[in-house]
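This report describes how helices and strands are arranged in one structure. The sequence and the model are shown first.

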Amino acid sequence: MPAQLPEHRTGSGREVDAVAGAVPPRLRASWLRSRRYGIPVDHVEPVFAGTERQESLFRQCGDEVLADLQRTLTAEPVGLMLTDADGLVLSRLSGDHTLLRALDDVHLAPGFGYSEREVGTNGLGLALADLVPTLVRAEQHYSHSLTGFTCAAAPVLDPATGRLQGAVNLTTWSRTSSDLLLTLARSAASTISLSMSSRSTGRRERPTVRRSLFRIEHGSTGTGVRLGAEWSRLEADAHSAMAAGSTVAVIGRPGSGRSSLVTHAARRAFPRHRILSAAAPAPDDVDTWLDLWTYEADRTDTVVVLRDVDTLPDFAAQSLVDLLRSAETRMPFAITAERLHDIPAALASAVASVVSLPPLSDRPDDVVPLAHEFARAVRGRDVHITPAAERALQHHDWPQGAAELRELVTRVASRADVVDVAMLPAELLAGRTRRLSSIEAFEHGEIVRVLASGKVTMSQAARQLGMSRATLYRKTAYYKIDPRNPG
């Protein structure tokens, strides 16, 4: 039996006794991270991402393995869960209805996120953070509300690529014997990986991108990355309106940064408040989504950011407004939508100030700072983006907005601490001049790659490209490439 985690309680929460050598180092590190994330110690805050089923080889094999395991544990008070790589619970099985109700009370249920960053130290979150099978008992949990449980989890890796696919999590009562729990979790994870290997066709699946439908934004109260003058002016407008008590609607295309702008403004206007960020759910999740608001309706320390309200059904918008109005205290809130006239009437009537955010393609000054921020998030440190690569990023239209930029930067920055133009796709190097064919885009990209090194003459570049010097000059004129500044 591992030593009990030493602790003491203060007015602001529990702290790890960093001096006590009996505390496992991984556990102590997790507690310190949890405190740094701003996770509350008295309760688990729901992080809901929806229950829409996404088919994958991992999901198929995982559900089958856990169903087989559950048939052998029908008389045991154990909850068996499959999660994705971000800690989102995909499925849950148990024959103990009392345990299931208790798990529902702490939101350890399908559709909810349970990573370390979201709920603090727990077996599932720590297994995913460290990629190591993990058992967390009773008082070792960071949150008081989880101390009645013991959790064992094991990560599942793709047998072909070694990439994290998700985890198996087994949870039981803390008073129940858990000696075999970690062994079972490790065995189930191994069986899932073997099953994936035997069924794999060699085609790798793209991971599903899920939106957080209901979550508390933890972290600093800063304004985030410093962007251009247009962004700063609009954020200041939103901040002034919210600080004056007005409900703000930020209007713009998806991917323009609507949610980030209003969240930064809310942090400035209400620096001591929690920020509840909620997005419109799928039709099957509306009832669960509305139920979650009952946990928040009477709080006086929360500001609400309602995202994508133009996709929220009218009845759900009305139900939400009725719930918030019936509360004893009124929570300040702001909303985002693509068009003002698409906001449900129940919410539109509360809007007193509108901020229109242009798309990222019309804010080129924001592209490079965002690229550096996304790269830093991937590497955990500053990443050098060469001037030529910065120019190429800035000259692209980004039709899908910041999400497209994030995906590209994440892909290239995950491979190196320096991002050069040679790492960027040819279609991006084509710039904004006009839509090129795939062959033209490739040719344009190759010319830019060779010239961007700055170490070749036009004659040398022409030889590398397999064309004459005259043809290269003609091509650079056709594609509007400046040989001295090809990015």
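## Helices and sheet

In this predicted model, helix α3 (residues 97-105) lies across β3 (78-84), β4, β6 and β7, and runs at about 120° to β7. Helix α6 also packs on the sheet, where it touches β3, β5, β6 and β7. The direction of α6 makes about 25° with that of β6.

The sheet itself is open and consists of five strands in the order β4-β3-β7-β6-β5, with antiparallel pairing. Because β4 (89-93) and β5 (134-136) stand at the edges, each has a single partner strand and one side left without a neighbour in the sheet. From one strand to the next, the twist averages 20°. Strands β6 (residues 149-157) and β7 (residues 164-173) pair in the antiparallel sense over nine bridges. Within this region, Ala153 stands opposite Asn169 in β7.

The angles given for helices are collected below.

| Pair | Angle |
|---|---|
| α3 and β7 | about 120° |
| α6 and β6 | about 25° |
| α2 and α6 | about 135° |

Helix α2 (residues 57-72) packs against helix α6 (residues 181-199) at an angle of about 135°, and their axes are 9 Å apart. The angle therefore makes α2 oblique to α6. The crossing in which α2 passes α6 is right-handed. On α2, the residues making the contact include Leu57, Phe58, Val65, Leu66 and Leu69; on α6, Leu184, Ala188, Ile192 and Met196 are among them. The residues of this contact divide into 10 nonpolar, four polar and two charged.

Methods:
Residues numbered from 1 in each chain as written. Predicted model: local features only at pLDDT ≥ 70, side-chain atom pairs only at ≥ 80, totals over all residues. Heavy atoms only, no water. Axes fitted to C-alpha atoms, helices over the stretch in contact; angles between N-to-C directions. Helix = DSSP H or I, 4+ residues; strand = E, 2+ residues; numbered from the N terminus. Parallel < 35°, antiparallel > 145°, perpendicular 65-115°, else oblique. Left-handed = near helix turned anticlockwise from the far one by under 90°. Contact = heavy atoms within 4.5 Å. Nonpolar A, V, L, I, M, F, W, Y, C, P; charged D, E, K, R; others polar. Pairing = 2+ DSSP bridges.
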